[in-house]
Amino acid sequence: MWARQSGAPPPHCRRPMAAREARLIAEVGVAGGAREAGARAGDRLGFSLCLGGRGSVSWAGAGGGSGAAQMEFSSRARQKHLRLAGDRRELYPHSLQFYLEPPTESISLVEFESFAIDRLRLLKVVENLGVSYVRSTDSYKTKLENELRKLKFPYRALAEDDYEARRKDHISHFILRLAYCQSEDLRRWFLQQEMDLFRYRFSQLTDGLMQKFLEHVNLSFEAVSEDLKTELANELCASTPGLSLPKVKEQMFYKVGLADAVDLFRTRRVFVKDGFAYVPFKEIDVIVLNNYRTKLSKALALTARSLPSIQSDERLQPLLNHLSHSYVGPDYSVQKNTGKISLEQIDSLSVKSFPLCMRQLHKALRDSHHLRHGGRMQYGLFLKGIGLTLEQALEFWKKEFIRGKVDADKFDKGYAYSIRHSYGKEGKRTDYTPYSCMKIIMSNPPSQGDYHGCPFRHSDPELLKQKLQSYKIPPSGITQILELVKGMHYQLACQKYFELTHEVDDIGFSLNHPNQYFTESQRLLNGGREPKKELSTSGNSQQKNNSQESMNLNSTPTSSNTTADTELEGLEAYFTED
Amino acid sequence: MAPFEPAALPELLPVFYRRLFPHGPYGRWLGYGGVVKNYFQLREFSFTLRDDVYVRFQSFGSPQELERELQKINPYKIDIGAVYSHRPNQHNTVRLGAFQPQEKELVFDIDMTDYDDVRTCCSSADICSKCWTLMTIAVRVIDRALTEDLGMRHRLWVYSGRRGVHCWVCDDAVRKWSPALRAATVEYLTLVKGGADMVKKVNLSYPVHPFIRRSVAVVEKYFEEYALVGQDILGSPESWAKVLALVPEDIREALQGEFPRRKDSVQRWEVLRGRMERTRGRGAAPCYADWEIMLQFCFPRLDINVSKGVGHLLKSPFSVHPKTGRISVPLDLQTLDQFDPFAVPTITSLCHELDTAGSDGEQEDVGETEPKRRARDYKRTSLAPYVRVFEQFVEGMESARRGERLRRSDIQGDF
């Protein structure tokens with residue numbers, strides 16, 4: 001599927017594909033003619049991706065309609081020339097852009113991945129800040145600027161030699177487009193955050209830079225001459241809310257086509273004459289933003305419609321898939337404080353320092369002396385993450401399960417194996433990592449009889465409210481939490497839960513992982529030091545060896561496991577689930 | 001003259017489509033000068049046939065082909081739809097989702113039933129000469145806005161055949177407008193808001209947008225004749241109570257006292273208006289209740305659904321109204337105030353006129369071509385002036401296209 005009318009593949013990808021070569025061509029273009037689904041001749045429709053044999057990625061810009069081939073070649077040639085000529089600033093003359101042209105250079109796979117993840121981090125921060133702060137306030141702006149700087153994206157409108165940051169901005173946007181065009185929800189999320197980001201950056205421009213930027217994106221609206229403005233002064237004043245006559249005189253007005261100023265036109269908040277809206281300077285950002293939204297929304301829809309199933313290459317598609325579901329942070333797989341928790345502490349820790357999901361799982365385990373598979377995975381890996389050693393885990397689960405219907409023998413044969421499996425001691429020896437919030441919220445929703453999942457996401461709000469009441473959370477706090485839940489901000493609701501149970505105003509971090517919750521909670525409660533270990537009599541000899549788990553474990557191989565790598569789930573089915 | 005009988009349609013329609021329907025200018029209109037390839041071929045028509053059989057997605061290779069089809073099937077009603085991405089009559093062969101409406105005229109539909117809450121003379125499908133003024137006002141208000149505010153040039157206003165009017169805006173750029181922009185236009189043109197449970201449907205606040213001010217100026221020209229004399233809205237305590245319900249409480253009481261002492265609606269209105277103007281002159285809290293009343297009783301009420309969708313079908317000009325028999329004729333804006341919907345020819349009366357004209361001793365010239373004969377035919381009937389208006393409209397667009405071509409070739413320097 002090539003975007004050009006001629007049907008010929010772009011020149012740099014014309015070499016024959018050998019099956020052995022790790023070569024992927026992911027085409028994002030428009031099948032068929034330029035009149036496809038509302039697209040018009042001359043629209044920029046997408047770009048194609050070539051994954052090179054040595055882990056490099058390159059784009060070929062593609063356009064629709066006739067003449068696009070020439071456009072594309074000359075634009076690519078020109079860009080290459082510019083790069084060679086060393087005048088990199090020409091490529092990115094402004095600190096922000098409309099992302100109309102896809103990137104045309106090759107980058108390494110490493111850069112591909114890191115750019116994408118960094119932008120994802122940025123957009124998540126944009127989302128969080130947008131919920132927690134009013135967008136025009138200084139705290140919002142400062143925090144966002146810090147994040148931009150930290151992640152090496154353009155953060156200052158005037159920065160002269162910002163080429164690397166701007167390039168990263170450009171490329172990372174297009175990568176995320178591929179990942180986030182694939183469903184309505186993803187598109188909506190991506191669009192919202194990109195718009196907020198754009199709005200912030202646009203507001204940081206000086207008047208002069210703004211003017212230049214508007215010219216650059218062909219949105220330079222015709223300024224209304226002084227004479228005309230005087231003539232229309234009364235009308236302008238009567239049509240534009242918030243503008244008195246003197247203000248009208250001092251502010252610049254622009255003639256904008258009705259299609260560009262739909263909202264102002266629709267609600268009669270501008271003067272309209274001869275098919276044009278007379279927009280004051282202070283409303284121009286609304287117009288620019290609408291323009292950006294329209295363009296990006298259309299581009300996402302087109303990309304989605306023409307994204308074919310990506311063939312064969314296992315490097316690219318998983319990355320794109322997981323980007324939209326990814327957690328980007330420490331994975332809590334290797335704990336420095338392994339063995340610092342004793343089993344006796346768990347009950348009290350579950351109340352003080354566990355996030356609600358784990359507190360709920362622990363309680364369910366204690367009450368029914370059993371947990372189903374989903375709960376065992378989520379809770380078991382969490383416990384591993386807070387520092388429980390394999391022996392402690394085995395002891396912990398066995399003690400509890402024996403009080404239920406399971407006898408010791410059955411435990412050793414089945415459940416013990418899977419616990420060892422999750423510690424990386426059996427089967428293909430993967431050291432499973434504790435689940436992030438994203439994973440808990442988005443995959444494997446609980447059904448009747450399950451206690452796993454995220455209570456803010458998966459519990460009925462009424463039941464959630466009752467539970468919080470039983471935990472003595474103050475009513476005003478409960479209201480705030482439920483508001484956040486209604487707005488689907490589950491992690492923020494959990495953050496609020498943290499703040500209320502720890503009696504702090506500001507959680508001080510962005511919550512992404514249950515183990516992060518635990519670590520931060522412990523740090524807070526212990527005055528910044530490492531979690532204290534209470535004296536206990538349980539046989540725990542790992543004190544001295546802090547950096548890694550001890551290897552002298554008696555792994556009792558189960559007799560039923562004869563094949564090499566049995567997946568955990570398969571084994572569970574063997575021990576009939578309830 | 002015999003009244004119109006719907007049962008006669010099967011006999012009359014063939015005569016209509018052969019001898020009266022203005023196929024020539026109609027085809028020139030929808031061809032839009034042939035500037036865009038296949039524009040006519042991609043246009044959807046829908047027909048209502050006898051026994052309420054309805055067919056959509058009809059399309060034709062040329063205006064001549066359309067003419068032949070009309071003369072063959074003699075539809076009761078013709079609707080015009082959008083210009084699509086593919087020929088509508090082949091839409092089933094197109095991949096799902098690829099068959100999309102691309103362009104269409106911006107249309108407005110103003111229907112007298114939407115004014116039932118402020119009409120006393122008639123209701124629902126009925127109209128009379130008294131309430132027809134509402135349509136006149138609607139056309140004036142909307143047309144002013146379309147030309148002065150929105151810069152639109154090629155507007156065709158059409159009598160719907162029974163109780164309303166339609167407007168077709170045919171400017172090149174406007175035909176490409178998105179549904180959002182069309183909906184925004186209707187919102188811009190909307191001042192009367194609220195259903196049966198809303199007493200006060202127009203609320204103005206300072207400062208008043210120029211669109212509103214200019215619309216009020218248009219309404220004012222007709223208000224006395226229509227509302228005060230014709231509808232007599234302040235004629236009796238019951239009727240003026242409805243009007244006073246729209247006035248702020250403090251002023252309402254004073255007017256309640258004043259009104260019985262005046263002799264008619266005109267005088268009472270003067271009292272009310274005077275009061276309002278004084279609040280505005282003083283600069284304190286300006287009150288616009290008089291404007292609000294005028295607007296609630298007279299301002300046009302548009303149906304947003306008709307205008308919003310690019311694919312929405314609307315009755316074609318020169319279509320016959322199946323219930324009244326009246327032809328949907330274009331309105332001449334120059335003589336709009338004198339337009340009488342009851343004088344619009346019906347298909348019955350037109351056919352009758354043809355019969356009379358034919359028997360006036362003129363010999364049929366066998367060698368004469370069909371179009372020529374038809375051109376003479378409708379000219380002999382009362383349809384003539386309406387076709388003339390339509391031709392002027394089409395010529396207006398054609399001359400604008402010529403002007404545009406000249407301008408472009410001037411710029412490019414090729415002659």
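In this predicted model, chain B contains 15 helices and eight strands. Of its 415 residues, 53% are buried. The fold of chain B also brings distant parts of the sequence together: among contacts between residues at least 6 apart, 69% join residues at least 24 apart.

Two helices of chain B make a helpful pair to look at. Helix α1(B), residues 9–20, has 12 residues, yet its end C-alpha atoms are only 14 Å apart, short of the 16 Å that a straight helix would reach at 1.5 Å a residue. The buried residues of α1(B) are B:Leu9, B:Leu12, B:Leu13, B:Phe16, B:Tyr17 and B:Leu20. Viewed down the axis of α1(B), these buried residues fall within an arc of 130 degrees, so they line one face of the helix. The spacing fits a general rule: an α-helix has 3.6 residues a turn, so residues three or four places apart point the same way.

For helix α10(B), residues 265–282, the span agrees with expectation: its 18 residues should cover 26 Å at 1.5 Å a residue, and the end C-alpha atoms are 26 Å apart. At the start of α10(B), a side-chain oxygen of B:Asp264 comes to within 3.1 Å of the backbone nitrogen of B:Val266. Buried positions in α10(B) include B:Trp269, B:Val271, B:Leu272 and B:Met276, and also B:Arg268 and B:Arg280. What do the buried residues of α10(B) pack against? Their partners are α7, α8 (237–244), α9 (249–258) and α11 (289–298) of chain B.

Two loop residues of chain B come next. B:Arg163 sits in the loop between β6 (155–159) and β7 (164–169), and its side chain makes a polar contact of 2.8 Å with the side chain of B:Asp111. Beyond its neighbours within four places in sequence, B:Arg163 is in contact with several residues, among them B:Ile110, B:Met112, B:Ile127, B:Trp132 and B:Met135. B:Pro341 belongs to the loop between β8 (314–315) and α13 (347–358) and is buried, with a relative accessible area of 1%. With sequence neighbours within four places left aside, B:Pro341 is in contact with B:Ile127, B:Trp132, B:Tyr159 and B:Arg326. B:Ile127 and B:Trp132 thus appear among the contacts of both loop residues. B:Pro341 and B:Ser160 are 181 residues apart in sequence, but their C-alpha atoms are 9.6 Å apart in space.

Where chain B meets chain A, 26 residues of chain B are in contact with 20 residues of chain A. The two chains bury about 1900 Å² between them, with 53% of that area on carbon and sulfur atoms. Which three residues supply more of the area that chain B buries than any other three? They are B:Gln102, B:Tyr188 and B:His209, which supply 26% of it. Three salt bridges and 11 residue pairs in polar contact are found across this interface. One salt bridge joins the side chains of A:Glu235 and B:Arg213, at 3.3 Å from N to O. On the side of chain B that touches chain A, α4 (133–149), α6 (179–188) and α7 (210–230) each supply at least two residues. The largest share, six residues, comes from α6(B).

Over all chains, the whole structure holds 54 salt bridges. In chain A, A:Asp169 pairs with A:Arg119, with the closest N and O atoms 2.8 Å apart. A:Asp169 lies in helix α4 (163–180) of chain A and A:Arg119 in helix α2 (109–132) of chain A, so the pair ties together parts 50 residues apart in sequence. A:Asp169 is buried at 1% relative accessibility, and A:Arg119 is buried at 0%.

A:Glu226 and A:Lys229 offer a local counterpart, with their closest N and O atoms 3.7 Å apart. Both residues lie in helix α7 (226–239) of chain A, three residues apart, about one turn of the helix. A:Glu226 is partly exposed at 48% relative accessibility, whereas A:Lys229 is buried at 5%.

In chain B, the side chains of B:Arg56 and B:Glu44 meet in a salt bridge of 2.7 Å, N to O. B:Arg56 lies in strand β2 (54–58) and B:Glu44 in strand β1 (43–48), so this pair ties together parts 12 residues apart in sequence. B:Arg56 is partly exposed at 33%, while B:Glu44 is buried at 0%. Back in chain A, salt bridges that share partners join A:Glu105, A:Glu111, A:Glu164 and A:Arg167 into one network.

Terms used
Residues are numbered from 1 along each chain as its sequence is written. Chains are lettered from A and ligands numbered from 1 in the order in which they are written. This is a predicted model: local features need pLDDT of at least 70, side-chain atom pairs count only at pLDDT 80 or more; totals for chains, interfaces and linings use all residues. Side-chain values use heavy atoms; hydrogens and water are left out. Helices (H or I, at least four residues) and strands (E, at least two) are DSSP runs, numbered from the N terminus. The expected span of a helix is 1.5 Å times one less than its number of residues. Buried means under 20% relative accessible area, exposed over 50%, partly exposed in between (1.4 Å probe, protein chains only). The arc is that of the directions from the helix axis to the C-beta atoms. Contact means heavy atoms within 4.5 Å. Buried area is the accessible area (1.4 Å probe) that two parts lose on being put together, summed over both. A salt bridge is a side-chain nitrogen of Lys or Arg within 4 Å of a carboxyl oxygen of Asp or Glu. A polar contact is a pair of N or O atoms within 3.5 Å; within protein, one must be able to donate a hydrogen and the other to accept it, and residues adjacent in sequence count only if both atoms are side-chain atoms.
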